[in-house]
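Please open the structure in your viewer and set it to show a cartoon, with side chains ready to be switched on as they are called for. The tour moves from one selection to the next, and each stop says what can be found there.

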Amino acid sequence: MAKILLMDDDTDQAELLAAILKREGHDVTLAADGSLAMVQIDSEVFDVVVTDIFVREKNVLVANAGLRLIEHIRNDRRTGDNTTPANVPVIAMSGVFGGPSDGHFLELAEGLGANMRLKKPVPPSILCRAIDKLLSPAL
């Protein structure tokens, strides 16, 4: 199936989603923060990227880590055969804040080039369907 990069600092959530995606036949690589995810984007080819917007790096909440990752993917400055292409499908997830601004960061993610946005907690079946939809050739 697909090689997926999943960036989420919530270890329990990430491991649960990874286990479900692996059961579906996908190869999943986990990244706990934006810096690690960018290194992996620059050194491996992924078919799909799933990123949380807010992640902790060195115990500090980085409010734009997922946005920076999307921007990094879309800037297309990587060279070589072992890098993820700039047009890789990206799913942005967020659920840190409630209230009227809750969707604002997901809208920003779409503006930077995310193909889909999902509010956390994301039911595994919804994530699997989203990945399948992005990987399906357009009819």
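The stops below go from the cores to the helix pairs and then to two loops.

Before selecting anything, keep in mind that this is a predicted model, in which local features need pLDDT of at least 70 and side-chain atom pairs count only at pLDDT 80 or more, while totals for chains, interfaces and linings use all residues. Residues are numbered from 1 along each chain as its sequence is written, and side-chain values use heavy atoms, with hydrogens and water left out.

**The cores**

Begin with Val-49 and Leu-69, which have the most contacts inside the largest nonpolar core, a group of 23 residues. A nonpolar core is here a set of buried Ala, Val, Leu, Ile, Met, Phe, Trp, Tyr and Cys residues joined through side-chain atoms within 4.5 Å, and buried means under 20% relative accessible area, exposed over 50% and partly exposed in between, with a 1.4 Å probe and protein chains only. Now colour strand E1 (3-7), helix H2 (34-43), helix H3 (65-74), strand E6 (90-94) and helix H4 (104-112), each of which supplies at least two residues of this core. Helices (H or I, at least four residues) and strands (E, at least two) are DSSP runs, numbered from the N terminus. Of these elements, H3 gives the most to the core, with 5 residues.

Stay on Leu-69 and show what surrounds it: leaving aside neighbours within four places in sequence, Leu-69 is in contact with Met-7, Ala-37, Met-38, Ile-41, Val-49 and Thr-51, where contact means heavy atoms within 4.5 Å. A second, separate core has 20 residues, including Leu-6, Leu-17, Val-28 and Val-122.

**The helix pairs**

Select H2 and H3 together; their axes come within 10 Å and cross at roughly 15 degrees. Axes are lines fitted to C-alpha atoms, for helices over the stretch in contact, and angles run from 0 to 180 degrees between N-to-C directions. H2 is therefore roughly parallel to H3, since angles under 35 degrees count as roughly parallel, over 145 as roughly antiparallel, 65 to 115 as roughly perpendicular and the rest as oblique. On the H2 side, the contact is made by Ala-37, Met-38, Ile-41 and Asp-42, and on the H3 side by Arg-68, Leu-69, His-72 and Ile-73.

Keep H3 and add H4: the axes of H3 and H4 come within 9 Å and cross at roughly 10 degrees, so H3 is roughly parallel to H4. Here Leu-67, Ile-70 and Arg-74 in H3 meet Phe-105, Leu-108, Ala-109 and Leu-112 in H4.

Next, select helix H1 (residues 11-23) and helix H5 (residues 124-135), which pack at an angle of about 55 degrees with their axes 10 Å apart, and which are therefore oblique to each other. Show Leu-17, Ile-20 and Leu-21 of H1 with Pro-124, Leu-127, Cys-128 and Ile-131 of H5, the residues that make the contact.

**Two loops**

Move to Pro-121, in the loop between strand E7 (116-119) and H5, where a cis peptide bond joins Lys-120 and Pro-121, with omega about 0 degrees.

Finally, is Lys-58 buried or exposed? Lys-58 lies in the loop between strand E4 (55-57) and strand E5 (60-62), and Lys-58 is exposed, with a relative accessible area of 81%.
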